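The following exercises concern aromatic pairs, an enclosed cavity and selected contacts. Each task is followed by a solution in steps.

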Amino acid sequence: MTVIAVFFLNGLTLSTYIVRAPSFKAGYHLTDGRFGLTGLLFALAAIACMQLVGPLTARVGARAILRVTLAVMPVLLAGLAVAPGPWWFTAGTALLGAVHGTTDAAMNALAVAVERGAGRPILNGCHAGWSISAVVASLSTAVLAHAGVSLAVHAVTAGALLLAAGLVLGPRLPDPPGAAAPSSARAAWSRPLLVLGLTATALMICEGGALGWGGIFLHDVRHATLGLAAMGITAYTGGQTLGRLTGDRLTARWGPARCSASASPSPRPASRPRCWPRTRAPRWRGSP
């Protein structure tokens, strides 16, 4: 449960920023191009830091990394709302992206290590915790926006609460051996890895478009209120949650290869994808 709590806190912090994107854009008088630049810097900073997490995890462990990042992210969230100008906001967004990328890679490494120790799939459940937090963030933002609560009050209050939660959770995180693999154990670039990586990239682009620009589209183009724009994010993340809550059971029953193929646009959804290694799918305890 503590691993799921990490995903929940990370999601709650980032989703508060995402759902409040129309308020940030309007508050700092950003054009679409300028706001797009902040999103690009966020993504580039996240990708760059993700590359460093593997060696860092091997040196200090995922638990140590998360104890720091869970405390830093809420501070950056609050700082974005009180930045003295648009350039400070842009720089703060890049920093938030860097810390989020570090947190994302570390918490997934921790979840994989816990999953291996448990002998059953838990990753979908962990990511469901992230989606549930996004639903909570979007619903609460809709209520607060309707009540007229300002962006600064919302972000600073949320940051303080999330900081306290991160400080409480950090010392309670597990530290399984698999979460700090030797730095020499690096996966070689291969065709299966590239295909799966490109697939994940396509999915992330779609998700980023929906989450990063969905609320802005509803508010700026469709002239929805801030509360209604937040509800659009609720609908998207609610669908994510339903899928992720069933993902672990489907993986345990059918195996990861068959589940991945079934979710692809292939004309033979029940077949094993060509990029998947030619080994039997792992059979978890309790699976048929």
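**Exercise 1. Determine how many aromatic pairs the whole structure holds, and classify those formed by Tyr17.**

Step 1. A search of the whole structure yields 4 aromatic pairs, where rings of Phe, Tyr and Trp (its six-membered ring) pair if their centres lie within 6.5 Å.

Step 2. For Tyr17 and Phe24 the ring centres are 5.5 Å apart and the planes stand at 45 degrees, so this pair is tilted; planes under 30 degrees apart count as stacked, over 60 as edge-to-face and the rest as tilted.

Step 3. Tyr17 also pairs with Phe42, at 6.2 Å centre to centre and 15 degrees between the planes, and this pair is stacked. Tyr17 belongs to helix α1 and Phe42 to helix α3 (residues 32–60), so the pair ties together parts that are 25 residues apart in sequence. Helices are DSSP runs of H or I with at least four residues, strands are runs of E with at least two, and both are numbered from the N terminus.

Step 4. Tyr17 and Phe24 are both buried, as is Phe42. Buried means under 20% relative accessible area, exposed over 50% and partly exposed in between, with a 1.4 Å probe and protein chains only.

Step 5. One aromatic cluster is formed by Tyr17, Phe24, Tyr28, Phe42 and Phe89.

The model is predicted: local features need pLDDT of at least 70, side-chain atom pairs count only at pLDDT 80 or more, and totals for chains, interfaces and linings use all residues. Residues are numbered from 1 along each chain as its sequence is written, and side-chain values use heavy atoms, with hydrogens and water left out.

**Exercise 2. Identify the residues that line the largest cavity, and describe the setting of Asn10.**

Step 1. The count comes to 1 cavity of 30 Å³ or more. A cavity is a set of points, on a 1 Å grid over the protein atoms alone, where a 1.4 Å probe fits but cannot get out; lining residues have an atom within 4 Å of a point.

Step 2. The volume of the largest cavity is about 40 Å³, a volume being the space filled by probe spheres set on the points, which are joined across faces, edges and corners.

Step 3. Its lining consists of Leu9, Asn10, Thr13, Leu70, Met73, Pro74, Leu162 and Gly166. Two or more lining residues come from each of α1 (2–19), α4 (62–81) and α7 (151–169).

Step 4. Asn10, in helix α1, has 1% relative accessibility and therefore counts as buried. Beyond neighbours within four places in sequence, Asn10 contacts Met73, His100, Thr103, Met107 and Trp130, contact meaning heavy atoms within 4.5 Å.

**Exercise 3. Establish whether Leu226 and Thr141 are buried or partly exposed, and list their contacts.**

Step 1. Leu226 is located in helix α9 (residues 226–254). Its relative accessible area is 31%, so Leu226 is partly exposed.

Step 2. Setting aside neighbours within four places in sequence, the contacts of Leu226 are Pro22, Ser23, Ala145 and His219. The C-alpha atoms of Leu226 and Ser23 are separated by 7.8 Å, although the two residues are 203 residues apart along the chain.

Step 3. Thr141 is part of helix α6 (residues 123–146), and its 2% relative accessibility is why Thr141 counts as buried. Residues up to four places away in sequence not counted, Thr141 touches Val19, Arg20, His154 and Ala230.

Note on methods: On a 1 Å grid over the protein atoms alone, a cavity is a set of points where a 1.4 Å probe fits but cannot get out, and a pocket is an open set with protein on both sides within 12 Å along at least five of seven lines; lining residues have an atom within 4 Å of a point.
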